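The exercises below are to be worked with the sequence and the model open. Each task is followed by a solution in steps.

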Amino acid sequence: MDESNVTPADAEATVRDVVGRIEEAAVVDHGVLYAVLSAVFARGHVLLEDVPGTGKSVIARTIAESMGLEFTRIQFTPDLLPSDVSGSTVYDEHSGEFEFSEGPVFANVVLADEINRAPPKTQAALLEAMEERQVSVDGTTYDLPEPFVVIATQNPIEQEGTFRLPEAQRDRFSVKTSLGYPDVDGEMGLLERRANRRTLSPSVEPVIGPDAVLAIQDLTEDVTVDEKLRRYIIDLARATRRDGHAEIGVSPRGVQRVFEAARAAAVIDGRSYVTPDDVKRLAEPTMAHRIVLTTEASVEGVAGGDIVRRALRSVDVPAVSPDASEPDAADGDDLESTAESDAVADPRSTADGASPATPSSDDSSDESDASWTESGQNRDSDGATDEATRADDDSPWP
């Protein structure tokens, strides 16, 4: 890939190569993997919450290895200090001066393993790094390398000796998701991979380098998001705030993270524009963890994902065309929902274009549990998608 002139098609092909390389070492659901990669290319951070042994650490390491990124792992424990994360100033006897010794946070991909085992003071050491891409030690600010991604893991079932993540810190993760258990074929593939190597931990060779990752991240900034889709994201967030089971809904920061992740999802799909389905499929992993539930919701077993799914059912999905002009164009005209515009609109933008990962207004719980599979996508010369050929879609997304 030519980093100096990367296109959405180049990015799509590159991401497919990265995914293929990751799958040489790990078994992971495509929906989860592409959601994580959306956060990476949107310059965001990822929180993986799952039971032990599902491959959270392996996924973090293989993502870094496949992209040629420097990787460090921080094992969070109750006695971990903030300086153990960010670094500290030490005295050099030879020079007679104090010098800054970088902590493990100075890497491209930082795995914060079992992050909820460290006290809040240590967890807070990551806040500045995650938000500002820098750390401040003894009054001096040090820039972190680019790209910079934090992938944190936590165990949801073993709560003894753990500390709940503060809402402010959870809000700084672009995506929160879980890997889940693989199916029978997946576990058979896992054993096949283990039989073909002589090391305990899998590793992969890089497909691209840091410059290519930065080029794709820059490309996401050029993705078009129609004004109707921007309003759709806002309406979803405001719907979570109105929900009776939510004490606090999705924050304005969360709205921006959804916007950014949707743009990255479009690039992964080889497009220069966002469709409603990009927003729908990423709504739950980007919004659910930002919602603070009421006491009644906890008693009734209502989760943040339930509130997001209710919002998706209650908010009308806009019909937009990939040929729409920029929202800030000189004429300022909005797309009209005419028969002509509907003919070129992505079929996933319609209200009944249900996404397996995020239910739409008329989907069922069975549909929401459907597996993410690779299918084909046929587009005409205008970039539109023919609904009749949706079954042959080769998009990495469902």
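**Exercise 1. A helix pair**

Task: Find which residues of helix 10 meet which residues of helix 11, and sort them by character.

Solution. In this predicted model, the helix 10 side of the contact consists of Arg 230, Ile 233, Ile 234, Ala 237 and Arg 241, and these meet Pro 252, Val 255, Val 258 and Phe 259 of helix 11. Sorting these residues gives seven nonpolar, two charged and no polar.

Next, take the geometry. Two packed helices are described by the angle between their axes and the distance between the axes. For helix 10 (residues 227-242) and helix 11 (residues 252-268), the angle is about 140° and the axes are 10 Å apart. Angles over 145 degrees would count as roughly antiparallel; helix 10 and helix 11 are therefore oblique to each other. Their crossing is right-handed.

**Exercise 2. Two hairpins**

Task: For strands 3 and 4, and then for strands 6 and 7, state the sense of pairing, the number of bridges and the residue with positive phi in the turn.

Solution. Start with strand 3 (residues 87-92) and strand 4 (residues 97-102), which pair in the antiparallel sense over six bridges. Within this pairing, Val 90 has Glu 99 of strand 4 as its bridge partner. Four residues separate the two strands of the hairpin, and Gly 96 in the turn has a positive phi of about 70°.

Now turn to strand 6 and strand 7, which also run antiparallel and are joined by four bridges. Here Val 135 stands opposite Tyr 142 of strand 7. This hairpin has two residues between its strands, and Asp 138 in the turn has a positive phi of about 55°.

**Exercise 3. Backbone exceptions**

Task: Locate Arg 133, Asp 138 and Pro 147, and decide whether Arg 133 and Asp 138 are buried or exposed.

Solution. Begin with the background: most residues other than glycine have a negative phi, and most peptide bonds are trans.

1. Arg 133 has a positive phi, near 60°. Arg 133 sits in the loop between helix 6 (125-132) and strand 6 (134-137). Its relative accessible area is 16%, so Arg 133 is buried, the cut-off being under 20%.
2. Asp 138, with phi near 55°, is likewise a residue other than glycine with a positive value. Asp 138 lies in the loop between strand 6 and strand 7. Its relative accessibility is 64%, so Asp 138 counts as exposed, the cut-off being over 50%.
3. Pro 147 is joined to Glu 146 by a cis peptide bond, with omega about -5°. The loop that holds Pro 147 runs between strand 7 (140-143) and strand 8 (149-154).

**Exercise 4. An enclosed helix**

Task: Explain why helix 3 is described as largely enclosed, and name what its buried residues pack against.

Solution. Helix 3 spans residues 56-66, and eight of its 11 residues are buried, so helix 3 is largely enclosed by the rest of the structure. The buried set is Lys 56, Ile 59, Ala 60, Arg 61, Thr 62, Ile 63, Ala 64 and Ser 66.

These buried residues pack against helix 1 (8-22) and helix 2 (30-41), and also against strand 1 (46-49), strand 2 (71-75), strand 5 (109-113) and strand 8. Just after helix 3, Gly 68 takes a positive phi of about 65°.

**Exercise 5. The whole chain**

Task: How many helices and strands does the protein have, and what percentage of its residues count as buried?

Solution. The protein has 16 helices and 11 strands. Of its 398 residues, 51% count as buried. Among contacts between residues at least 6 apart in sequence, 74% join residues at least 24 apart.

Definitions and conventions
Residues are numbered from 1 along each chain as its sequence is written. This is a predicted model: local features need pLDDT of at least 70, side-chain atom pairs count only at pLDDT 80 or more; totals for chains, interfaces and linings use all residues. Side-chain values use heavy atoms; hydrogens and water are left out. Two strands pair if DSSP finds at least two bridges between them. Axes are lines fitted to C-alpha atoms, for helices over the stretch in contact, and angles run from 0 to 180 degrees between N-to-C directions. Angles under 35 degrees count as roughly parallel, over 145 as roughly antiparallel, 65 to 115 as roughly perpendicular and the rest as oblique. A crossing is left-handed if the near helix is turned anticlockwise from the far one by less than a right angle, and right-handed if clockwise. Contact means heavy atoms within 4.5 Å. Ala, Val, Leu, Ile, Met, Phe, Trp, Tyr, Cys and Pro count as nonpolar, Asp, Glu, Lys and Arg as charged, and the others, Gly among them, as polar. Buried means under 20% relative accessible area, exposed over 50%, partly exposed in between (1.4 Å probe, protein chains only).
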